[in-house]
Structure formats: structure tokens, C-alpha cells
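User: Hey, I've got a structure open and I'm a bit lost. Can you walk me through it?
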Amino acid sequence: MEIFQSTITGLIDTSGFTGLGDIRCIIMILLSFVLFYLAIVRQYEPLLMLPIAFGMLLTNLPLTGLYHPELWDPATNPYFAPTYVDAGLGGQIYMSIFMPETSLDYGKVLHEGGLLDMLYLGVKLQIYPPLIFLGIGSMTDFGPLIANPKSFLLGAAAQGGIFFTFLGACLLNFFDLSGIGFSGFTLKEAASTAIIGGADGPTAIYLTSKLAPQLLGSIAVAAYSYMALVPVIQPPIMKALTTEKERAVKMGQLREVSKIEKVVFPIAVTVIVSLIVPSAAPLVGILMFGNLMKESGVCDRLVKTAQNELMNIITIFLGITVGATAVADNFLSWKTIFIIVLGLIAFCVGTACGVLLGKLMYIISGKKINPLIGSAGVSAVPMAARVSQKVGAQTNPSNFLLMHAMGPNVAGVIGSAVAAGVLLSVLG
């Protein structure tokens, strides 16, 4: 009987129910349910929102041991002397994988980490986001951008929301908000928050994992939420900044782009961007590599793998591990609230900047360019381009802006990666 009682007592003591006394864990679990609703019922970016939600659920269930945030904190996991283990026959193997610039010992992660800690290495070592870009590149047609190079300007203008919000986040430090428990943003945290304005989830994850990994969960949730809300957020801004006459402008058919142009383009972009902003090369270079495989026409098997199997596998790993970083200590804070607010501002300002430059181009071109295509400069491909088409068709049913909007849209993918590279060069 005593053995039975001790067994039952042991099971109770080691069960997760003992950890549910922390109200913050319960709140995080309920928040994961909200994300499940958004992904499954509302279908807001379900391919990533659902894995993120499940990762958040797993990491906040008590005593699961799947993810250990302390292993990723330099304060509790400092770099220490190399670890050697016996390999037999009198030999030893060096087992410590480390990154001195972050003062983290990755050998400790490998020895003490759980399943999600292992998978999170792909985020921390900046492996998953570039591989996502490989898949995006293999599915992207840069033809509309090549046919109308002016679209580059619209894609660049839409990144204005990133730098505007970066300055805004920095200005918050001049206000005393300690009364509500908000200590302000560091420069790196401000940059990670501002990149939400690019409407590019993998880029936001890539930059945040380098500059402010403690905010990764909050920023990922905000970034993908706003990407899903493009059809809700953008139209009011587009209509407020344009006249009915401007929205009704019909644009001529784009010229046909030759195969040699499509093959040369990714090579040229890789060389130019890598020389100007080397920090953007991991994203832009891999994006262009995927596109080159597609346009070359000689790598069909590789292209299909990048578009399907590889893309799907990395999406699962990326989503569930990013969600796992949303632990209560980091997520339930005033910083998360400010990240959500500033992220929305960044996205709105980016949309407005694209439309305003579109209005300027409308005037300069002699009223031949519809300013609505400027809103597609954010890199939510192809949703932002579809919104431009929809708003234009509401004013003029015979208007077809989709292909014209795809130019700024794909330019925005490059632009957000370059903006991340600039911030990384300055602050990394």
C-alpha cells in the first residue's frame, strides 16, 4: 500500500498540473487557443499561424521540457571552456558548438536541450529563413518587375514604414513609462520591431533572431497577423490617399520579358545587393538562387523540391520553434503591446509611402500610372497585389492592375531583405 501511495504521490508531483498554479502559463495557453481560432476558423496565414500557435501551447505546458529559454540567454548560458568526451580507443571528441559573439555555448543546448531547443538551432543559426526564401524565389516571377523597373522605386518607398517606426520606437525612450513597467526599447529591439513594416515574416524572424531573440515570439505573431490582415488594413489607407480619378487609371499592357532577361536578373541582383549591403546576401542571395533555378529551366526536380517538400518542412520547423519562444516571461509584457501597436503603424506607414510615391509617379508620368500599385510595395506576396487589383476594380470594373502591382510586390521582397541587411550592418 505504501508503495502504491508513493507511486501515486510521485505521479502527482511530477505531473504538469502542479505547474498550472502560475496564472501566466494559463494566459499563454489561452492565447494559443486564440491563435488556433485565427488559423483554423479565420484562416489567417494558417500555414505558419497554426505551427506558431502549437509551439506556444507546447512551450507553456508545465514540465514538458521541450524548450528551455534559459539555454538561449547569455546571462545563464555563458560561453565556457571546451567540452571533450571519450570517443573510445583513447581518443576524445570536441563537443562544444559555440558562437563567441553571443557568448552562448551551443554544446550545452545539445546536451541539455529538449526537442524544440534542437529545432530552434535552425532559427538561431539563421538556417530556416533563407531556406524559406529559397522556396519563395523558386515560385516568384520577376517578369513584371523587369518589364517595369520603376517598380523598384515603389518597393523601396514602401520600406519607409520600417525606418519611420524604428525612429518612433527609439523616441519612446525619451518618455518616462516606468510607472507602467515599460523600460523602453534598445536600438536592436527597435529595429526588430520596425521590420514588421516590411510585411515579410521570414525577414522579420531572421533579423529578430540576430538582434533581439527574446522578442521573437511577439514579433512573429504580430508580423504574420498583419500579413493576414492586408485586405483589411490597406484599402482604407489607399482610398484615403487617392482620388477616384486616380484609382480609375488604366495602365497599358506590360512588355514581354525574354528568358535571357529572367536568367540574368537574379544573378545581377545578387551581385549588386551583396556588394552594396553584404549583410543582406543570405536572404537576397538565396532568394535569387531559387529564382535562377526556376528561370533556367534545367533544374525542374530541384525547383519542385524547393517549392514543395523543402518549403513545407522548413515552414513546420520554423513555425513551431518560433512559437516556442513565446514564453510568459517574454510575451506577457508591455513590450509585446508596444510591438503590436508599432508593428501596425509600420505597416500602415509603409503602405502610405508606397501610395504617395505612386501619386508622384502618376503626376510625372502624365497620369499614366495608377498610384494604387504603390501599396503593393510591401512584400506580402501576392496578397498586396491582389488588394491593389480589387480596389482598382471597385472604381473601374474594366481595370486590371494585378500584373502591374506584382512588380512593386516582388520588389518589396527584395526591399525588405535589403532593409534588414542595412539594420543588421549598423546594429548587428
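Analyst: Sure, one term to begin with: a residue is called buried when its relative accessible area is under 20%. With that cut-off, 10 of the 11 residues of helix α11 (residues 201-211) are buried, so α11 is largely enclosed by the rest of the structure. Keep in mind that this is a predicted model.

User: Which residues of α11 are buried?
Analyst: They are G201, P202, T203, A204, I205, Y206, L207, T208, S209 and L211.

User: OK, zooming out: how many helices and strands are in the chain?
Analyst: The chain has 22 helices and 4 strands. It runs to 428 residues, and 51% of them are buried. Among contacts with a separation of 6 or more, 77% are between residues 24 or more positions apart.

User: And the largest nonpolar core, which residues touch the most other members?
Analyst: F142 and F185 do, in a core of 117 residues. Helix α22 gives the most to this core, with 12 residues. In soluble globular proteins, nonpolar side chains tend to be buried together.

User: What is F142 in contact with?
Analyst: Setting aside neighbours within four places in sequence, F142 contacts F265, L287, M288, N291, V410 and I414.

User: Let's talk about helix packing. How do you even describe that?
Analyst: Two packed helices are described by the angle between their axes and the distance between the axes. Take helix α16 (residues 281-296) and α22: they pack at about 150°, with axes 8 Å apart. Angles over 145 degrees count as roughly antiparallel, so α16 and α22 are roughly antiparallel to each other.

User: Which residues make that contact?
Analyst: From α16 you get L283, V284, L287 and M288, and from α22 V413, I414, A417 and V418. That contact divides into 8 nonpolar residues, no polar and no charged.

User: V418 is in that list. Is it buried, partly exposed or exposed?
Analyst: V418 counts as partly exposed, because its relative accessibility is 22%. V418 lies in α22, which covers residues 402-427. Beyond neighbours within four places in sequence, V418 touches V273, V277, A280 and V284.

User: How far apart are V418 and A156?
Analyst: In sequence they are 262 residues apart, and in space 9.3 Å, going C-alpha to C-alpha.

User: Got another helix pair for me?
Analyst: Try helix α13 (residues 230-241) with helix α20 (residues 334-364), which pack at about 40° with their axes 10 Å apart. α13 and α20 are therefore oblique to each other. The crossing of α13 past α20 is right-handed. On the α13 side the contact involves V230, I233, Q234, I237, M238 and L241, while α20 brings L344, F347, C348, T351, A352, V355, L356 and K359. By type, this contact has 11 nonpolar residues, 2 polar and 1 charged.

User: New topic: what's odd about the backbone?
Analyst: Most residues other than glycine have a negative phi, and most peptide bonds are trans. Q43, which is not a glycine, has a positive phi of about 55°. L63 is another non-glycine with a positive phi, about 65°. There is also a cis peptide bond between V381 and P382, with omega about -10°.

User: Where do Q43, L63 and P382 sit?
Analyst: Q43 is in the loop between α2 (23-40) and α3 (46-60). L63 is in the loop between α3 and β1 (84-88). P382 is in the loop between α20 and α21 (383-395).

User: Are Q43 and L63 buried or exposed?
Analyst: Q43 is exposed, with a relative accessible area of 58%. L63 is exposed as well, at 60%.

Methods
Residues numbered from 1 in each chain as written. Predicted model: local features only at pLDDT ≥ 70, side-chain atom pairs only at ≥ 80, totals over all residues. Heavy atoms only, no water. Axes fitted to C-alpha atoms, helices over the stretch in contact; angles between N-to-C directions. Helix = DSSP H or I, 4+ residues; strand = E, 2+ residues; numbered from the N terminus. Parallel < 35°, antiparallel > 145°, perpendicular 65-115°, else oblique. Left-handed = near helix turned anticlockwise from the far one by under 90°. Contact = heavy atoms within 4.5 Å. Nonpolar A, V, L, I, M, F, W, Y, C, P; charged D, E, K, R; others polar. Buried < 20%, exposed > 50% of the residue type's maximum accessible area, 1.4 Å probe, protein only. Core = buried A, V, L, I, M, F, W, Y, C linked by side-chain atoms within 4.5 Å.
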